[in-house]
Amino acid sequence: MHGGDHGRVSGTDAGPTNTGPSRADGASAVLLPVSGTGPAALTALADHYDGLLAQDGVRLRDLAYSAGALGRHLGHRRAGVVDGTAAARDWLADLRLTPPDGPAPAAGPAPLVFVFSGQGNQWPGMALGLYGSEPEARRTLDASDAVLRRTAGWSLLDAYRDPAGLDDPARLQPALVALQVAIARQLTAWGVVADAYVGHSLGELSAAAASGALDLADVLALASRRGELMREAAGSGLTALVALPADEVERRIAAHGGDAEVAAWNAPGSTLIAGDEGTVRAVVGQLTAEEVFARVLPGTVAFHSSRVEAVAGRLADRLPELRPRPADARFVSTVTGATLDGSELGPEHWADNIRRPVRFLHAVRHLLDTGHRAFVEIGAHPTLAPALNEAAEGGPVLVVPTLRRGEPERAALLTTAARLYEAGAALDFSALAPADRRPVRLRPVEEQAGGARFAPAGRVFGGLRLWRAHQRRTAGHGRFGWRGRPLASFALAADTALSALAAGVEGATPSTPTVENTPAAETPAAGPQAVDLRLEVGARLLTDGRETWAAVPVADGAVELQLLGDGGVWHIQALAEPRPATGPDRIDLAAARARATHRTPAGDHYRALAAHDLAPAAELVAELHTAPDGHTLLRLAPAPAGPARQLTDLLVHAAVLAGADRTGTALPVEFTALRAPGGAAADTAAWVLLGPAEPLPGEESARTALVLDEDGRVLAAVARLRQRRVDAEVLAKTAAEQDAEHAAEEAPREAGGGIDPAALASAPLPERTEAVTAFLREQLGRVLRLPAARIDTARPLNSLGVDSIMGLELQRRLETALRTEVKVVRLLRGDSVDDLAADLAARLAQSPADGDGPPAPVGALDDPRELERLLADMDNLSAEEIDTLMQHLATGTAEQR
């Protein structure tokens with residue numbers, strides 16, 4: 001066994017498996033992907049990952065995040081669901097011993113079908129694991145709980161915790177539907193998006209909600225009424241599962257009096273029957289005697305037969321007004337066995353869902369005939385996999401379960417994602433990863449004749465790429481604040497990404513940093529014309545005043561955006577990736593204005609924001625014009641005095657303002673295909689045109705957004721602006737969490753854990769060195785997120801995992817506390833804590849005790865030609881030159897004005 005934190009591992013079943021049957025233990029499980037151009041490359045990468053995990057300071061969650069969100073995903077793939085470093089290293093060792101062979105999988109398991117199981121697979125404690133670990137599932141279950149408290153008078157969450165009440169179908173059925181919708185939405189949040197939806201019996205309700213054909217609240221009310229009717233139908237007969245084709249079963253029923261019927265076509269050789277107790281038991285008895293599988297199912301309701309017809313007829317009278325609409329993707333009904341639009345799912349359909357037999361086999365064959373070969377069974381425990389495989393009649397098909405009875409739910413759902421990934425699916429690894437993760441630099445591996453090799457790295461400094469810092473003044477025109485705290489600027493994240501990518505930050509030679517108020521014309525014109533930008537898990541909503549950003553090169557031309565928070569800690573905020581620019585250069589503004597006939601003063605919306613304690617730095621919008629189709633045209637107010645407006649600010653400000661109502665507003669979390677050509681265009685901006693808000697799972701929506709001048713010329717555009725609802729309660733909770741985090745950061749200093757350079761200056765050298773060593777270990781532990789006791793003071797800092805960002809964070813801490821200069825290069829080359837402590841302790845005796853801070857960096861590079869010369873000759877630079885270069889790139893142009 002390898003050392004480190006222990007845990008367990010779950011492999012996958014798609015192709016050769018490299019793990020034993022054990023599973024990860026719970027909420028700390030992560031999905032670790034490994035992929036390559038061939039078996040040798042995959043094995044080499046597994047060895048590289050194992051080497052990283054063997055280092056102190058490299059955490060499993062960081063490696064899993066980096067391998068997924070920042071790594072490349074090639075044809076040959078394996079994925080392990082692991083809980084702990086030891087389990088991960090064991091899995092990687094198995095993978096190296098038995099690498100996969102054969103061809104790579106197809107480009108992906110699309111089109112993908114979400115298959116929702118029916119009643120009967122529930123178990124005590126189901127849903128609680130997802131509720132505790134998965135944000136999207138928790139939001140869905142909380143919303144379901146609120147609906148059922150309001151409409152039915154009982155708590156869904158209490159029912160999961162104490163499932164005795166779930167013996168009542170009026171509670172069990174909505175509880176199963178809520179869980180299934182939560183699973184579907186969580187998978188969608190991870191990037192597992194269904195192309196089609198189908199549900200077996202009760203599961204058709206979940207399919208309707210997950211596909212968008214019905215609101216979740218309507219479906220829960222429907223499930224409650226349906227369950228009440230099933231309770232009333234008790235005593236109507238029995239059901240049984242029989243391993244024979246339906247036509248043969250019908251002959252057996254006729255031979256025993258005919259008082260039963262086919263209730264479900266599950267598979268070619270699997271049929272459900274329902275009817276008179278005597279008839280059902282006679283058929284089952286005869287088949288059992290013939291050694292044919294047949295089993296009477298629990299309960300006394302003859303589901304999906306003429307015996308529940310009267311009960312089904314009363315369903316419409318008990319339903320609230322349903323509002324069916326077209327589904328977001330293909331919806332295949334097991335009532336009809338064919339595709340429905342979704343708008344047909346009114347009360348009559350749901351009465352048929354109770355009365356008519358379940359045509360599951362017909363629905364699955366319909367999906368197979370239309371090219372669907374990948375199925376994810378969504379439910380508390382898999383029950384439909386045999387039927388799905390049998391329906392395929394030996395053809396290639398992928399069937400993946402989700403939860404399993406009594407097993408940790410996050411690990412089970414991650415295993416679902418892992419199997420799909422191995423089959424070629426694209427996952428959103430940022431959403432899969434824990435919030436408290438940090439990037440690990442990976443070496444790409446290339447397949448070549450005779451084995452694999454690591455691809456040559458670009459020009460690097462000490463093995464680490466240089467990075468860029470950007471800073472903006474607090475009072476940006478497009479900014480909003482909450483109770484005096486600025487909201488973290490998604491617009492600034494976009495500006496930073498556009499500037500960094502255009503400047504070629506991923507290339508060998510980074511160019512000079514940019515600042516918010518640099519004239520737009522000076523922004524480099526080369527590079528990508530558009531960018532995809534999304535907030536990462538755990539991104540901060542509020543800042544502590546000014547914002548300093550780092551755009552860190554990662555993989556395939558992308559940059560990771562990090563925000564400097566309290567105490568000098570960098571927080572991962574967003575990931576940006578370049579893409580080709582698309583979209584119109586001009587629109588018919590006159591036609592858009594003619595359609596937008598309903599006008600609202602912008603003051604009404606600003607007052608709605610104020611009700612949630614949200615205030616803009618400046619009111620940029622004068623009037624809102626809304627069209628019947630949902631388009632909103634916002635007339636911009638004249639530009640106020642001060643710094644020039646930013647196009648990204650206008651996009652974000654308009655979207656937040658348009659989304660404001662009595663319940664809160666919607667903050668941007670993703671830009672798709674953002675393009676802002678720059679130049680003096682922002683000065684001519686006159687309108688912002690927002691498309692209709694498209695509801696998304698959870699509290700999210702998406703729309704298009706354009707900034708236009710008076711002639712309809714497109715100055716900036718977003719093909720898809722995704723937003724998430726927030727209110728004062730969410731922001732208050734965020735503020736409290738950040739206050740607590742800041743207090744925890746400062747507590748050791750307030751309790752005497754800091755250092756007093758004035759007092760130490762006159763202390764004997766051994767005592768001074770000991771105090772500085774302890775302080776350095778404490779600060780390094782905070783930067784590395786490690787206990788100080790685990791830090792070996794004799795090891796070089798770069799071997800402990802200190803990269804360029806951490807080095808500058810550590811430098812800021814040390815210079816602030818010790819009031820003396822600390823060169824970044826010493827933190828990134830070969831110095832250890834002991835080396836630094838000896839040097840700093842000696843210098844403390846000469847430093848003025850009441851100094852105003854560290855001296856300014858010497859030899860600041862004000863001549864761009866000198867900067868370019870140094871960058872081009874980086875490998876030959878002296879330590880002093882590299883330190884000056886790092887200081888200039890990080891802070892030289894970040895001065896506040």
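**Exercise 1.** In this predicted model, find which residue of β11 is the bridge partner of F331, then place both strands in their sheet.

*Solution.* Start with the pair itself: F331 bridges to L340 in β11. Next, look at the strands around that pair. β10 covers residues 330–332, runs antiparallel to β11 and is joined to β11 by two bridges. Now zoom out: the open sheet has six strands, ordered β11-β10-β5-β4-β12-β13, with mixed pairing. β11 (339–340) sits at one edge and β13 (398–401) is the other edge strand, each pairing on one side only. Finally, add the helix: α8 (residues 203–210) packs on this sheet and touches β4, β5 and β10. The direction of α8 makes about 155 degrees with that of β5.

**Exercise 2.** Work out how α8 and α14 are oriented, parallel or antiparallel, and which residues make the contact.

*Solution.* First grab the geometry: the axes of α8 and α14 (residues 347–355) lie 10 Å apart, at an angle of about 150 degrees. Angles over 145 degrees count as roughly antiparallel, so α8 is roughly antiparallel to α14. Then list who touches whom: α8 brings E204, L205 and A208, while α14 brings H349, W350 and N353. Sorted by type, that's three nonpolar, two polar and one charged.

**Exercise 3.** Check the length of α17 against what its residue count should give, and decide whether α17 is enclosed or open.

*Solution.* Helix α17 (residues 409–422) has 14 residues, and at 1.5 Å a residue these should span 20 Å. The end C-alpha atoms are 20 Å apart, so the two agree. As for burial, 14 of the 14 residues are buried, so α17 is largely enclosed by the rest of the structure. One last stop: G424 follows α17 and has a positive phi, near 110 degrees.

Definitions and conventions:
Residues are numbered from 1 along each chain as its sequence is written. This is a predicted model: local features need pLDDT of at least 70, side-chain atom pairs count only at pLDDT 80 or more; totals for chains, interfaces and linings use all residues. Side-chain values use heavy atoms; hydrogens and water are left out. Two strands pair if DSSP finds at least two bridges between them. Helices (H or I, at least four residues) and strands (E, at least two) are DSSP runs, numbered from the N terminus. Contact means heavy atoms within 4.5 Å. Axes are lines fitted to C-alpha atoms, for helices over the stretch in contact, and angles run from 0 to 180 degrees between N-to-C directions. Angles under 35 degrees count as roughly parallel, over 145 as roughly antiparallel, 65 to 115 as roughly perpendicular and the rest as oblique. Ala, Val, Leu, Ile, Met, Phe, Trp, Tyr, Cys and Pro count as nonpolar, Asp, Glu, Lys and Arg as charged, and the others, Gly among them, as polar. The expected span of a helix is 1.5 Å times one less than its number of residues. Buried means under 20% relative accessible area, exposed over 50%, partly exposed in between (1.4 Å probe, protein chains only).
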